[in-house]
Amino acid sequence: MATVAARTAQRVLASDLAQHTGEQVRIEGWIHAIRKFGAVNFLVVRDRSGMAQVVLEPEDVAPLDGLQVETVVAVYGTVEEEPRASHGVEIRHARVEVISPVTDVLPFELNKKKFKPTLDVFLNNAPVGLRYPTRQATFRLYSDLLFGFRDYLDHRNFVEIHTPTMVGAATEGGANVFQLDYFGRPAYLAQSPQLYKQIMVGVFERVFEIGPAFRAEEHYTVRHLNEYNSLDVEMAFIESFHEVMDLLIELLEHMVQTALERHPHDAELAGMQMPRFGEVPRLKFRDAQRMILERYAEDRSNDLDLSPQDERWIGEWAAEEFKSDFVFVTHYPTSKRAFYTLPDPEDPEHSLSFDLIFQGQELVSGSQRVHRYDQLLQIMEQRGMNPESFAGYLQAFKFGMPPEGGFAIGSERLLMRLVGAENLRETTLFPRDVNRLGP
RNA sequence: GGGCUCGUGGUGUAGUCGGCCUAACACGCCACCCUGUCAAGGUGGAGACCGCCGGUUCGAAUCCGGUCGGGCCCGCCA
C-alpha cells in the first residue's frame with residue numbers, strides 16, 4: 001500500500017519514470033489498456049509523454065471494476081527496474097485512484113496497433129479519436145512545423161500580425177465567400193489575409209500571419225476544405241520574385257527540420273521524413289506545358305491553367321529529372337491570377353507569379369505584387385472592380401509602397417504530404433467541408 | 001455544379017446475377033479460467049433484421065425506384 005508521503009509525491013511523467021527508479025511516485029493519465037490475469041494484472045497508463053506500465057495485485061484492481069479504458073486515474077507506487085516491461089521500468093505496489101470514471105464503450109479501439117475506423121467514423125468521434133498515438137503525433141508535429149515557421153521568420157526580422165477575418169469586401173473579388181450579417185450590413189469571412197498583409201508591408205516591410213482562411217466553394221476532393229489555416233508571408237524591397245521563392249524553400253526546409261528535431265519519435269510514428277529538396281526547378285508555365293507535350297504527349301497549349309493531372313506530371317518530372325519533391329511553376333497567365341499580381345513587364349500576358357508543387361500537389365501560391373498606385377487603379381478598372389470597395393487597401397499604395405511579394409502556404413496540405421495522409425481531413429483537427437460543421 | 005461508387009451488430013469486413021441468412025468472421029463488450037502481459041491466451045455469452053421509404057416476387061440484406069449519408073474523380077484552389 002502506498003504511504004501518505006507517496007500520495008503527496010510530485011507527479012512524474014511516464015517518460016521520466018526511469019530516472020525515478022526506487023522512488024515512490026505518482027503518475028496521472030488515461031488508462032490505455034487493462035490486461036487482467038487474475039493473480040497479476042497490468043495497467044497501461046498514457047499521459048502526454050507516453051505510456052507507463054503498472055502492476056496491480058488482485059485486491060488493488062477493485063477500484064477499476066466496471067470501468068473502461070480512457071478512465072483518468074492517479075497511480076501511486078514504486079518505480080522498479082523490470083526487463084520484462086517494455087520500457088524497462090514499471091510501477092509496483094501500486095494503488096489506483098479514479099479521477100474521472102468512464103463507463104461507456106469507446107466507438108473504436110485506441111489501444112490496438114492498427115487504428116481501424118473509416119474516416120467518417122473517426123471524424124464523428126474526433127474528440128476521442130485524436131488521442132490515438134499516431135494522431136497525436138501528427139498534430140504535435142503540426143505544432144512543430146508552425147513553431148519552425150515562426151522561428152525562421154522571426155530570425156529574419158519578420159513581424160507577426162493578426163488581421164481581421166470579418167471583412168467588408170471580398171478579397172479577390174470572387175463570389176466564393178461566406179456572407180455574414182454584420183449588424184444589418186453584409187460582411188464576409190476573409191478568403192485570405194492578402195490585402196491586409198500587403199498593407200502591413202507598408203508598415204513593417206516584412207510580415208507574416210498564421211490564420212484561418214475561408215472558401216465557400218462546394219469542392220468535393222481530398223485536398224480542399226472550407227476552412228484552412230494559411231501561412232502567409234509578405235516581404236518588401238525585393239529585387240525579383242526569385243528572392244521570395246528562395247526564402248520559401250529555406251523556410252520549408254527549416255520547418256520540417258524543426259519538427260524532426262523536436263519530436264523524432266512522433267515523426268517516426270507518423271511517418272514524417274525530410275522530403276527531397278535538391279535544386280528545386282523553376283519552370284515557366286509555358287515551358288511546363290511544352291514539357292507535358294513532349295513527355296506525356298498531351299497538348300495543353302490552349303489551357304490557361306494547370307489541371308491536377310498536369311501538376312502530378314510536373315511533380316513526377318521534377319522527381320525524376322531533379323531528384324526533388326518540389327517544383328516551382330512560374331509566369332502563369334496574368335488573366336488567371338488575382339488583380340494584385342504583377343504582370344511581367346517584358347511579357348504582360350504572363351505574371352511574376354509562382355505555385356510551388358509538392359509531390360504533385362499545389363502547396364504554395366505566391367507572386368510579386370503590383371506596388372505602384374497608378375498601375376493598381378488601372379488594373380482594377382480593366383477588371384471592372386470598384387476602387388471604393390478597396391479604399392483602405394489602396395491608401396497604403398497611394399502613400400508609398402515598395403516593391404514587394406509574398407506567398408501563402410496551405411499548412412494542412414503540407415502536413416498531409418509530409419505524413420503521407422490520403423485526405424486533408426486526416427491532417428485537420430476538426431475539418432469543415434460542405435457536409436461537416438461538427439465536431 | 002458534372003460523373004463514378006459505397007451504405008450489414010460498438011468498430012472493421014464477408015455474404016449482394018433472390019430462397020441453404022431464423023445473417024458469418026475478426027476486434028471490442030460481459031462472465032469465468034490463467035503470476036508477466038505489452039495487437040495476451042482459453043471457454044462461454046450478449047449484441048445488427050442488413051441506412052430509410054416504397055415497389056417487384058410465393059419469397060429480398062441480395063432486384064427496381066426514390067431518399068438520406070459516406071467515399072473518390074473533374075471543375076476550383078491552398
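## A small sheet, an RNA strand and a buried threonine

Let's start with an open sheet of 3 strands, which run in the order β7-β9-β8 with antiparallel pairing. Its edge strands are β7 (166–167) and β8 (179–182), and each of them pairs on one side only. β8 and β9 (residues 185–189) are joined in the antiparallel sense by 4 bridges. If you want a spot to look at there, find Asp181, which stands opposite Pro186 in β9. Keep in mind as you browse that this is a predicted model.

Now for the RNA. How many residues surround RNA strand B? There are 49 of them, and the closest are Arg35, Arg84, Arg92, Arg413 and Asn423. Of the RNA atoms that come within 4 Å of the protein, sugar and phosphate account for 51%.

And what sort of residues make up the surface near RNA strand B? They split into 17 nonpolar, 12 polar and 20 charged. Several helices and strands chip in: β1 (24–36), β5 (89–100), α2 (119–124), α9 (308–322) and β17 (361–368) each supply at least two residues of that surface. The largest share comes from β17, with 4 residues.

Here are some polar contacts between the protein and the RNA, laid out side by side.

| Protein side | RNA strand B side | Distance |
|---|---|---|
| Arg84, backbone N or O atom | base nitrogen | 2.4 Å |
| Leu225, backbone N or O atom | base nitrogen | 2.5 Å |
| Arg215, side-chain N or O atom | sugar or linking oxygen | 2.9 Å |

So the table holds two kinds of partner on the RNA: Arg84 uses its backbone to reach a base nitrogen, and Leu225 does so with its backbone too. Arg215, on the other hand, uses its side chain and meets a sugar or linking oxygen.

Leu225 turns up again in the surroundings of Thr428, a residue in the segment after α12 (411–419). Is Thr428 buried or exposed? Thr428 counts as buried because its relative accessibility is 9%, and the cut-off for buried is under 20%. Which residues is Thr428 in contact with, leaving aside its neighbours within four places in sequence? They are Phe139, Leu225 and Glu412. Closer along the chain, the side chain of Thr428 reaches the backbone oxygen of Leu424 at 3.0 Å.

Leu225 is a handy place to end, since this residue links two parts of the tour: its backbone lies 2.5 Å from a base nitrogen of RNA strand B, and Leu225 is also in contact with Thr428.

Methods. Residues are numbered from 1 along each chain as its sequence is written. Chains are lettered from A and ligands numbered from 1 in the order in which they are written. This is a predicted model: local features need pLDDT of at least 70, side-chain atom pairs count only at pLDDT 80 or more; totals for chains, interfaces and linings use all residues. Side-chain values use heavy atoms; hydrogens and water are left out. A residue is near a molecule or strand if one of its heavy atoms lies within 4 Å of it. A polar contact is a pair of N or O atoms within 3.5 Å; within protein, one must be able to donate a hydrogen and the other to accept it, and residues adjacent in sequence count only if both atoms are side-chain atoms. Ala, Val, Leu, Ile, Met, Phe, Trp, Tyr, Cys and Pro count as nonpolar, Asp, Glu, Lys and Arg as charged, and the others, Gly among them, as polar. Buried means under 20% relative accessible area, exposed over 50%, partly exposed in between (1.4 Å probe, protein chains only). Contact means heavy atoms within 4.5 Å. Two strands pair if DSSP finds at least two bridges between them.
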